[in-house]
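Please open the model in your viewer and keep the sequence panel beside it, since each stop on this tour asks you to select a few residues and look at what surrounds them.

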Amino acid sequence: MPAIANYRGIIPAIACPFTPDHRIDEPALRRLASWLAGHEGVVAVMTNGHTGEVFSLTPAERATVTRIVADELRGRLPVISSIVCEGLSEAAEHARAAVEAGAAGLDVMPPHHWLRFGFTSGHALQYFDAIHRAAPGADLVCHVYPAWTRAAYSSALLADLARLPYVQAFKVGQRDMNKYARDIQAIRDADAGKAILTCHDEYLLASMVQGVDGALVGFATFIPQLIGDLWRAVQEGDLKRAQRIQALITPLKDAVYGGGEPTGEAHARMKAGMYLAGVLDEATVRPPTEVPDAREMAALRAAVEQAGLLRR
């Protein structure tokens with residue numbers, strides 16, 4: 001039985017608020033988690049993703065973030081925690097710590113040395129198996145990296161992963177629409193019951209209409225209502241309404257992502273946008289990530305204002 005009953009909807013990859021001296025801001029993190037849970041269509045929350053500045057967090061801090069969010073959402077929504085490691089033993093340790101902290105699911109990112117050296121399908125299957133053995137009660141979510149990286153999974157490997165009973169969902173971010181369509185079909189053919197969630201923050205509508213089951217995106221930590229509205233319009237087949245909602249999202253997307261893929265500085269701009277929208281009281285990021293400059297702040301302010309979200 002899956003640990004998480006429903007992946008079909010919107011799953012925000014939550015930002016991690018920091019105090020001005022760069023400590024985890026527990027009250028702010030609790031407020032953000034609760035605020036996200038209050039939006040229609042949000043079915044879970046993911047901690048320790050890229051939007052959560054996971055690479056700035058120690059292993060103990062990652063477990064702390066998951067513990068805070070899981071405690072705040074207890075009885076309301078399940079929590080997924082990303083596993084961002086390099087080797088089998090380390091991944092197993094992180095998996096056990098995340099589950100002990102309250103995670104019901106584990107988002108499995110590829111080890112980042114694969115970005116440089118590549119990998120084999122056997123490497124990936126061993127990695128997933130090691131995490132499952134360490135946390136057998138947790139669902140695994142396969143985090144699919146862009147097609148241009150050396151950590152990209154083939155359609156055949158994704159089908160093999162879909163056949164594993166403990167892999168329940170796929171967070172798909174190929175940034176190549178031809179491969180995106182092929183991979184979706186490969187997963188569906190292998191096991192049509194597995195959830196497929198777009199993580200294309202920077203082109204949501206275009207990726208939502210490809211027959212997926214929802215979105216697992218960092219952008220939803222900023223604008224959960226708009227993304228939920230967009231998803232409902234897509235589900236209802238109302239393209240005109242979906243286009244109108246995307247038209248509100250696009251200036252925000254451009255101000256945050258700058259026309260490209262997510263980056264550390266994009267996540268800093270997102271926090272600044274959340275501050276302008278009154279979602280966060282502090283927009284602090286951990287060094288060496290750089291805060292937005294005056295030009296970027298002006299673009300963020302204009303985008304937040306046009307969406308009707310400006311509070312500061």
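Begin by selecting strand 6, residues 167-172: six of its six residues are buried, so this strand is largely enclosed by the rest of the structure. Bear in mind throughout that this is a predicted model.

**Stop one: the neighbours of strand 6**

Add strand 5, residues 139-144, to the selection, and you will find that strand 5 and strand 6 run parallel and are joined by five bridges. To see one of the paired positions, display His143, whose bridge partner in strand 6 is Lys171. If you now include helix 6, residues 155-162, you have the three elements of a right-handed β-α-β unit, namely strand 5, helix 6 and strand 6. Strand 6 is also joined to strand 7, residues 195-198, by four bridges, and these two strands again run parallel. Within that pairing, Phe170 stands opposite Ile196 of strand 7. Following the chain onward from strand 6, you pass through helix 7, residues 177-190, and arrive at strand 7, in a β-α-β crossover that is right-handed.

Before leaving this region, select Arg175, which is placed in the loop between strand 6 and helix 7. Although Arg175 is not a glycine, it has a positive phi of about 55 degrees. Is Arg175 buried or exposed? Its relative accessible area is 17%, under the 20% limit, and therefore Arg175 counts as buried.

**Stop two: the nonpolar cores**

Next, colour the largest nonpolar core, which has 97 residues; the members that touch the most others are Leu106, Tyr153, Phe219, Phe222 and Ile227. The largest share of this core, seven residues, is contributed by helix 10, residues 239-257. Centre the view on Ile227 and, leaving aside residues up to four places away in sequence, you will see that Ile227 touches Ile10, Leu204, Met208, Val217, Phe219, Ala220 and Ile249. Apart from the largest core lies another, of 14 residues, whose members include Tyr7, Ala13, Val141 and Ala195.

**Stop three: helix 10**

Ile249, one of the contacts of Ile227, leads you to helix 10, which bends by about 30 degrees at Ile249, with Pro251 following within four residues. Which residues of helix 10 are buried? Select Ala242, Ile245, Gln246, Ile249, Leu252, Lys253, Ala255, Val256 and Tyr257 to show them. Showing the surroundings as well, you will find that the cover over the buried residues of helix 10 includes helix 8 (204-208), helix 9 (224-235), helix 11 (264-276) and helix 12 (294-306). Just after helix 10, look for Gly258, which takes a positive phi of about 60 degrees.

**Stop four: the aromatic rings**

The structure holds five aromatic pairs. Select Trp114 and Phe119, which form a stacked pair with 4.6 Å from centre to centre and 15 degrees between the planes; both Trp114 and Phe119 are buried. Keep Phe119 and add Tyr153: their ring centres are 5.6 Å apart and their planes lie at 70 degrees, so this pair is edge-to-face. The pair links distant parts of the chain, for Phe119 belongs to the loop between helix 4 (114-117) and helix 5 (121-134), while Tyr153, 34 residues away, belongs to the loop between strand 5 and helix 6. Tyr153 has a relative accessibility of 1% and counts as buried. With Tyr127 added, you have one aromatic cluster formed by Trp114, Phe119, Tyr127 and Tyr153.

**Stop five: three loops**

Select Asn48 in the loop between strand 2 and helix 2, residues 59-72. Asn48 is not a glycine, yet its phi is positive, at about 65 degrees, and with a relative accessible area of 2% Asn48 is buried. Then move to Gly38, in the loop between helix 1 (26-37) and strand 2 (45-47), where the relative accessible area of 61% marks Gly38 as exposed. Drawing a C-alpha to C-alpha distance from Gly38 to Ala190 spans 34 Å in space and 152 residues in sequence.

Finish at Pro288, found in the loop between helix 11 and helix 12, and inspect the peptide bond from Pro287 to Pro288, which is cis, with omega near 10 degrees.

Definitions and conventions. Residues are numbered from 1 along each chain as its sequence is written. This is a predicted model: local features need pLDDT of at least 70, side-chain atom pairs count only at pLDDT 80 or more; totals for chains, interfaces and linings use all residues. Side-chain values use heavy atoms; hydrogens and water are left out. Buried means under 20% relative accessible area, exposed over 50%, partly exposed in between (1.4 Å probe, protein chains only). Two strands pair if DSSP finds at least two bridges between them. A crossover is right-handed if, with the strands pointing away from the viewer, the path from the first strand over the helix to the second runs clockwise. A nonpolar core is a set of buried Ala, Val, Leu, Ile, Met, Phe, Trp, Tyr and Cys residues joined through side-chain atoms within 4.5 Å. Contact means heavy atoms within 4.5 Å. The bend at a residue is the angle between axes fitted to the seven residues ending there and the seven starting there. Rings of Phe, Tyr and Trp (its six-membered ring) pair if their centres lie within 6.5 Å; planes under 30 degrees apart count as stacked, over 60 as edge-to-face and the rest as tilted.
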